[in-house]
Amino acid sequence: MRLLPALLFAAGLPLAQAAEYAIDPTHTYASFEIDHLGFSTQRGQFNRSSGSVEFDPEGKVGRIDIRIDAASLDTGFDLRDDVLRGEGWFNVKDFPDILFRSQKLVFSEDRLSAVEGTLVMLGEIRSMRLEISRFKCGLNLANRKRGCGADATGSLRRSEFGMNNGQPFIGDEVRLRIQVEAYLP
């Protein structure tokens with residue numbers, strides 16, 4: 001019986017207790033999409049993030065905390081990025097972090113299907129649900145570490161966070177995507 005946990009770990013199967021994983025900033029990005037004048041969808045991402053994931057697959061519980069560095073915003077156009085980092089938009093000087101904190105993991109049978117939590121941005125706190133399209137825990141053969149990864153999507157209204165610039169020409173609805181990988185230390 002003493003060998004069972006070691007065998008399960010070696011096989012990449014979940015253990016019966018919660019494990020805490022550190023977010024891998026080289027494989028975790030938050031990106032966004034927003035309507036631009038009805039002509040196109042503008043996209044960007046935040047290049048720096050950190051946080052942790054705690055997950056108990058048998059108990060179907062866990063916790064997710066993600067910190068996004070707002071100043072790491074990247075739309076591929078430096079002048080636009082500087083404007084978006086300014087006071088009228090993300091105001092990174094006064095609000096350097098965007099935070100997502102889970103409150104509940106939602107399962108469809110044995111599959112993690114959504115995460116309900118809160119998004120903190122520009123000093124405002126709003127409920128947010130992220131739908132999970134892909135989720136996997138196991139042994140990453142490339143780095144030889146046990147980890148979990150997911151692709152998540154959700155949407156928000158930027159006006160609810162006080163970000164009203166450019167409306168109605170620039171859309172209010174923002175589609176948020178977060179790809180995350182997290183590993184045991």
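## Strand E1 and its neighbours

E1 and E11 run antiparallel to each other, joined by two bridges. One point of contact to look for in this predicted model is Ile 23, which faces Ala 182 of E11. E1 also pairs with E4, again in the antiparallel sense, over four bridges. Here Tyr 21 has Val 53 of E4 as its bridge partner.

Strand E1 spans residues 19-23, and its two faces have distinct surroundings. Ala 19, Tyr 21 and Ile 23 make up the covered face, while Glu 20 and Ala 22 sit on the uncovered one. In general, side chains in a regular strand alternate between the two faces of the sheet.

## The chain as a whole

Stepping back, the protein chain contains two helices and 11 strands. Following the sequence, these elements come in the order α-β-β-β-β-β-β-α-β-β-β-β-β. The C-alpha atoms occupy a box of roughly 65 × 30 × 30 Å along the principal axes.

Of the 185 residues in the protein chain, 38% are buried. The chain exposes about 10800 Å², and 54% of that area comes from carbon and sulfur atoms. If you take the contacts between residues at least 6 apart in sequence, 55% of them join residues at least 24 apart.

## Aromatic pairs

A search of the whole structure turns up four aromatic pairs. One of them is formed by Phe 32 and Phe 46, whose rings are tilted at 45° between the planes and lie 5.7 Å apart, centre to centre. This pair connects distant parts of the chain, with Phe 32 in strand E2 (residues 29-36) and Phe 46 in strand E3 (residues 40-46), 14 residues apart. Phe 32 and Phe 46 are both buried.

Another pair, Phe 55 with Phe 107, is stacked, with 6.4 Å from centre to centre and 15° between the planes. Phe 55 belongs to strand E4 and Phe 107 to strand E7, so this pair ties together parts that are 52 residues apart in sequence. Phe 55 counts as buried because its relative accessibility is 7%. Returning to Phe 32 and Phe 46, ring pairs link these two residues with Phe 90 into a cluster.

## Salt bridges

The structure holds 16 salt bridges. As a general matter, side chains of opposite charge can pair when their charged atoms come close. Asp 110 and Lys 60 offer an example, with their side chains meeting at 3.2 Å, N to O. The two residues come from distant parts of the chain: Asp 110 is in the loop between strand E7 (97-108) and strand E8 (111-121), and Lys 60 is in the loop between strand E4 (49-56) and strand E5 (61-69), 50 residues apart. Asp 110 is exposed, at a relative accessible area of 67%, whereas Lys 60 is partly exposed at 31%.

Arg 157 and Asp 172 form another salt bridge, where the closest N and O atoms are 4.0 Å apart. Since Arg 157 lies in strand E10 and Asp 172 in strand E11, the pair ties together parts that are 15 residues apart in sequence. Arg 157 is partly exposed, with 41% relative accessibility, while Asp 172 counts as buried at 19%.

## A shared network

Some salt bridges share partners, and in this way Glu 20, Glu 54, Arg 63, Asp 65 and Arg 101 join into one network. Glu 20 is a residue we have already met, on the uncovered face of E1. Within the network, Glu 54 forms a salt bridge with Arg 63, and the closest N and O atoms of this pair are 3.4 Å apart. Glu 54 is partly exposed, with a relative accessible area of 29%; Arg 63 is partly exposed too, at 25%.

## A nonpolar patch on the surface

To finish, have a look at Leu 37, Phe 39 and Phe 169, which form a nonpolar patch on the surface. Together these residues have about 390 Å² of accessible area. Phe 169 sits in the loop between strand E10 (145-157) and strand E11 (170-183). With a relative accessible area of 54%, Phe 169 is exposed.

How values were computed:
Residues are numbered from 1 along each chain as its sequence is written. This is a predicted model: local features need pLDDT of at least 70, side-chain atom pairs count only at pLDDT 80 or more; totals for chains, interfaces and linings use all residues. Side-chain values use heavy atoms; hydrogens and water are left out. Patches are made of residues with over 30% relative accessible area and no salt bridge: like charges are joined within 9 Å, nonpolar side chains (Val, Leu, Ile, Met, Phe, Trp, Tyr) within 5 Å. Accessible areas come from the Shrake-Rupley method with a 1.4 Å probe; for residues, only the protein chains shown count as cover. Buried means under 20% relative accessible area, exposed over 50%, partly exposed in between (1.4 Å probe, protein chains only). Rings of Phe, Tyr and Trp (its six-membered ring) pair if their centres lie within 6.5 Å; planes under 30 degrees apart count as stacked, over 60 as edge-to-face and the rest as tilted. Contact means heavy atoms within 4.5 Å. Two strands pair if DSSP finds at least two bridges between them.
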